[in-house]
Structure formats: C-alpha cells, structure tokens
Amino acid sequence: MTTSTSVTLHPVIAQVTQRITERSHKLRSAYLARIEQMRGRGPRRASLSCANQAHANAAMDSKTKIWLNQAQKPNIGIVTAYNDMLSAHQPYQHYPEQLRQAALRFGATAQVAGAVPAMCDGVTQGRPGMELSLFSRDVIAQATAVALSHDAFDATLCLGICDKIVPGLLIGALAFGHLPTVFVPAGPMGSGLSNKEKAAVRERYAQGKATKEELLAAESAAYHSAGTCTFYGTANSNQMLLEAMGLHLPGAAFVHPNDPLRSALTDAAVEQVLQLTEHQRYTPIGQLVNEKTIVNAVIALLATGGSTNHTIHWIAVARAAGILIDWQDFDELSAVIPLLTRVYPNGTADVNAFEEAGGPTFVIRELLSAGLMHGDVMTVYGNQGLHGHTVRPVLNENQQLSWQALPVRSVNEEVVRNVDQPFAATGGLRLLQGNLGRAIVKASAVPAEAWVVRAPAKVFTSQEALVQAYKAGELNQDFVAVVIFQGPQANGMPELHQFTPVLGSLMSAGFKVALVTDGRMSGASGKVPAALHVSPEVAQGGALGKVRDGDLVELNVHTGELTALVDAEVWAQRQVPALPQQETFGFGRELFAAQRRVVTAPEHGASTLFID
C-alpha cells in the first residue's frame, strides 16, 4: 500500500492520544518548561569557564583541542554501553573513533561523555544476578545523566541496543531533553540454528532426553557471533520502537554489524544529529518525544507482537518526558491494531527474515497507510514526519548512502503482512483483570486453543521450586502455575525464563498449562499462556497471594479475565502470606534494598526514578 498524508487517523487512536495529552498536561508542561530553561543558545562550551574547558579538552588531539577551545563548533557527547559480554554491544568497541572522525569531517567534534553498565540477561537467566536486571535500567538512566551533566555538549549519540539498556539510555537522555539525540544501533548477528530448533532442544533437555553437551551445542549454534540475538525479544523490540519514534535513521535497526551499509549509517547518524542542533533546525529529544510519539511506540509494539517487558519500560520512558500512560491505553490500542508480523516467539522467522521481508519501515508504512499511526510527528530524519521513515537504506553504485521505496506488497507473507491481510485483527498484547489483580499477556505468541485455561492452581514461591516439582514428576496434569514473590519489591522482578522449556514441554505432552505471576518473563517467551506483572504484587499485599493449591483459576484472553474461582466469603477471609526471609533470595535483593522500599508497581513503570 502507498502512504498518504491525508489518511484519517483511527478514532480510537485519536481518543487515546487525547486522553493521554489531557492526563499529562500539568507534568508535560513542567517538563517542557524545564528543558527550555536548560536550552541556552549557541555552543554549550562557550558558557564554560577557562578551567572547565581546560579539564574537558586536556586529553584531546591538537586539532580537536583547537576547535573545542574556540567553542564555536558543535560538540557531540557519546554515551556508550559497549562491553564484549553482550554480543549485541561488542561491535561498539570501535564506534567512538569512527564517530569522532566523522564529526571532524562534518565540521564538529565528538567526545565520549561516559559509559553505562550493560548486563546480558542471557548470561544471568536463572542466576542471582538476574535480580539486578530490572533495576539496572535505572542505574543506566542515572549513568547517562551523569555523563551529560558536564554541560559541554550540543547533541548526544546513544550507543545501546539490549533489554534494559535502551530504555535506560532514553530515560537519561530525556532528563537532558534540551539536547538533540540520535540512537545508533549496531545490528543483529547472522542467522544460526533456528529459534524453533533451539527451543526443541531446550524442551528435550528439560525432559531428560538431551544431554548438556547437546544443549550447549545448540545454544552455541544459535548465539554464535557479534550482533543482537536474532529472536524478537526485548532487545529487538527496542529497535522497532525506536524506529517508530523516529529516533533512528530510517531502517537502521537490523543491518548487520559488518555490512558496509552499517558503517555508512553510523557516519550518517553524526551528520544527522548535527542538523538538529542550534546551528541547524533545532530539534531536542524532549520535544521530539511527545504524546503522539509515545503512542506510535506502543502501536509498533502491538503490531509486531513485541516484548511484554515494554509494558513496564515505556511507561517509565513516557514518564521521563512528562507523559503518563497506563495499561488501559495499551489494551484499548491493541483492540484496533492488527498484528502484521510473525517473528519468533510469535512465529518461526528471525529478525533477519523480518528485515528481508521489509522490516520496521514496512510495518510503519502499512500502519500509516491505514491511519493507524501518527504521521505528523518530529523525527531525527528530515521534515517529512514519520512518513520519512518508510524507506529502506541502501548503498548506491558509488557506495553512497541513499534510501529507496519498499515493494507495495509483502515479499514474504509468512513473516510480514500488508495491513489489509493481517495475521490477526488485534495486537499482540492484552490486559487481563479480575480478583487476582491486573496483568499483561502476550496473546500473539499463544496458540488460539490455549487462550482459555481453567485448571487447579499449584502455588510456588520461586522458579526453582517449580522446576524441581517438574523434575520430580509432580506436574504431569492440567494446572495453573501461580508463582508469587517475583515482583520488584520482592526480589527485583527477575525474568523467569526457566519456566519456558518446562511448561512448554508439558503443553507439548498435551496438558493444559498456564502461568500466573507477579514477575515477568523473557521477551523470548513463547507459547505458554502467561499472565505477567500481576499488580499489586504479593509483597505489597496483592490478591494473588490468596491463591492456594487446588483453587480453580481461569485465564481467559478472549474476555480479558484473570480470576480465582473461589467462594467470595472464603476469599475475603484469606490472608496474603508474608514475604519470605531475605536469605531465600540472592544478592540482588540486598544490594538494592533501599530502592525496593520506594519502587513503583509494574503498571507504573517499576521505576525508582521520580522525574517531575
């Protein structure tokens, strides 16, 4: 379909956006006033004292030092999440030098303003370190703000891709919202062992039918080189949302790390961010990220069946820009947003196949063509609004960067569909509500026959206890696994990815199984019907703590209900158990004890940052 700027916006999208705007008016107005006060005019370095400048310039080469001392040319602050523990971030090792050289060619300077921590959830899954994962987002946000606090920069380039890193960088950048900001991705690794084959080996290992050596060989064949993991989990959902918000160059997300096109896009990010400074068309990130931009991000998440983690992260991101969104907004949008992709765990394809079939720019174009996104927004690329992000980057015969139109129809309808032939009429996420609280379910990953599960509860207080029960043969039946004390105030809300092969194998054996928890799952979570982020969490007295073994529990994606079918009088008399003693948790709980006392609920972003 072709894109037209005259297409009428869907009335539900207009209504939700208007409600968000009205709800956020006071906070948003205060935020915009604050970043305008921080703005200043001209190069930031001109306002520094001689001693300030000398400290900031001392280690630079002679040419850069001259330009910095003159304080007449824009200076870019690079905030990097490089480490070589994360395959996705390993390519960033040499980016600072490339960015500095590109800045000099474009008549500017660039310095690494600071680095932020970046942990790999794939390494910490099932380990005590996972208790630090969610809270690392706020540490990253604070580290980003520390880096930019030097007040020596006219623009920001953020180098980050993975789960908590992009939301943290974005929250931190919004704290310095007077600065133009572009995110610079590094791309996915090439396709290895398919996600379907990898998941099958995991299930066989959980059943005792595969050896540890076979499992390690499969995992190593799937995760085999530099670049983002190829499933559509939280990291790659980050990239989709940044594209939809106009914070990347168009189509930059899924170009491979060693592709010459990737290097060209990295240089172009420098040129583009300079065009957003006071010297050109001033476009600070705090103005670019507005109510419409946030709604576009949510829509992109829903249309692609993205990670449930973003029902937490993007609430916190929006809050950092003075914008208030909630799960009701997600749910109402999901009712009218079609599902346009099938990428693992919502299908068998990986992100490389997604990119080959059109990728984020195809999805954005299709949604715009049907009035299902706001086109009239600012982006980091040109003045065409989001319509400028519906083209694909290529290198022409002279190896120069350009953009070209995508095919009108999908080239692979097994992976990406046109908006008039979606995989499903509604989006990938649903809100569930009932006497157990409020929760999120990733409906797009769950087969239709598993959208309703009514079965006796089995209650656990840790994922280890559930796995042990499985190994002991105690779970060979229909049941709803109720796993409590997994929320942010209890143990930091680690991802409960160990459940996936266990519960998945039980489903494969023919049992009706579901998960209900105040914790969260990995963005790679697949076919298991899971009510996640149940709020209020049990550590705060949430009703999920009233469930007892044998209670009949119903999870119904069709009706949006999450209910314990227990006599009302009996239910009212039940007490929520006390949080287990601290020694039953890992070191993450102790390290972040102070933050846990003030953490917000998942539906409010599960954040310890309060930015007013």
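In this predicted model, Phe485 sits in the loop that links strand 10 (479-483) to helix 19 (488-491). The backbone of Phe485 does something a bit unusual to look at: its phi is near 60°, a positive value in a residue other than glycine.

Two other loops hold a cis peptide bond. One such bond runs from Tyr344 to Pro345, with omega near 15°. Pro345 belongs to the loop between helix 15 and helix 16 (351-356). The other case is the bond joining Ser535 and Pro536, which is also cis, and here omega is about 0°. Pro536 is found in the loop that runs between strand 12 (530-535) and strand 13 (552-556).

Pro345 turns up again when the pockets are looked at. The second largest pocket has a volume of about 640 Å³. It is lined by 32 residues, and those closest to its centre are Pro345, Gly347, Ala445, Gly526 and Lys527. So far as helices and strands go, helix 8 and helix 20 are the elements that give two or more residues to this lining. Helix 8 gives the most, with six residues. Sorted by class, the lining of the second largest pocket has 15 nonpolar, eleven polar and six charged residues.

Next comes the largest pocket, with a volume of about 1,400 Å³. A total of 44 residues line it, and Gly122, Gln125, Arg202, Glu219 and His497 are the closest to its centre. Quite a few helices chip in here: helix 5 (121-124), helix 8 (195-206), helix 9 (212-222), helix 10 (234-244), helix 18 (463-471) and helix 20 (499-508) each give two or more residues to the lining. Helix 18 gives the most to the largest pocket, with five residues. By class, the lining of the largest pocket splits into 21 nonpolar, 14 polar and nine charged residues. Helix 8 and helix 20 appear in the list for the largest pocket, and they appear in the list for the second largest pocket too.

Now for how some of the helices pack. Helix 13 (residues 291-304) and helix 15 (residues 327-334) have axes that come within 10 Å and cross at roughly 55°. That angle makes helix 13 oblique to helix 15. The crossing of this pair is right-handed. On the helix 13 side, Val295, Val298, Ile299, Leu301 and Leu302 do the touching, and they meet Phe330, Leu333 and Ser334 in helix 15. The residues of this contact come out as seven nonpolar, one polar and no charged.

A second pair is made of helix 6 (residues 133-148) and helix 7 (residues 165-175), which pack at an angle of about 40° with their axes 7 Å apart. Helix 6 and helix 7 are therefore oblique to each other. Helix 6 goes past helix 7 in a right-handed crossing. From helix 6, Arg137, Ile140, Ala141, Thr144 and Leu148 take part, meeting Ile165, Pro167, Gly168, Leu169, Ile171, Gly172 and Ala173 in helix 7. The contact of helix 6 with helix 7 has eight nonpolar, three polar and one charged residues.

Definitions and conventions
Residues numbered from 1 in each chain as written. Predicted model: local features only at pLDDT ≥ 70, side-chain atom pairs only at ≥ 80, totals over all residues. Heavy atoms only, no water. Axes fitted to C-alpha atoms, helices over the stretch in contact; angles between N-to-C directions. Helix = DSSP H or I, 4+ residues; strand = E, 2+ residues; numbered from the N terminus. Parallel < 35°, antiparallel > 145°, perpendicular 65-115°, else oblique. Left-handed = near helix turned anticlockwise from the far one by under 90°. Contact = heavy atoms within 4.5 Å. Nonpolar A, V, L, I, M, F, W, Y, C, P; charged D, E, K, R; others polar. 1 Å grid on protein atoms, 1.4 Å probe; cavity = no way out; pocket = protein on both sides within 12 Å on 5 of 7 lines; lining within 4 Å. Points joined across faces, edges and corners; volume = space filled by probe spheres on them.
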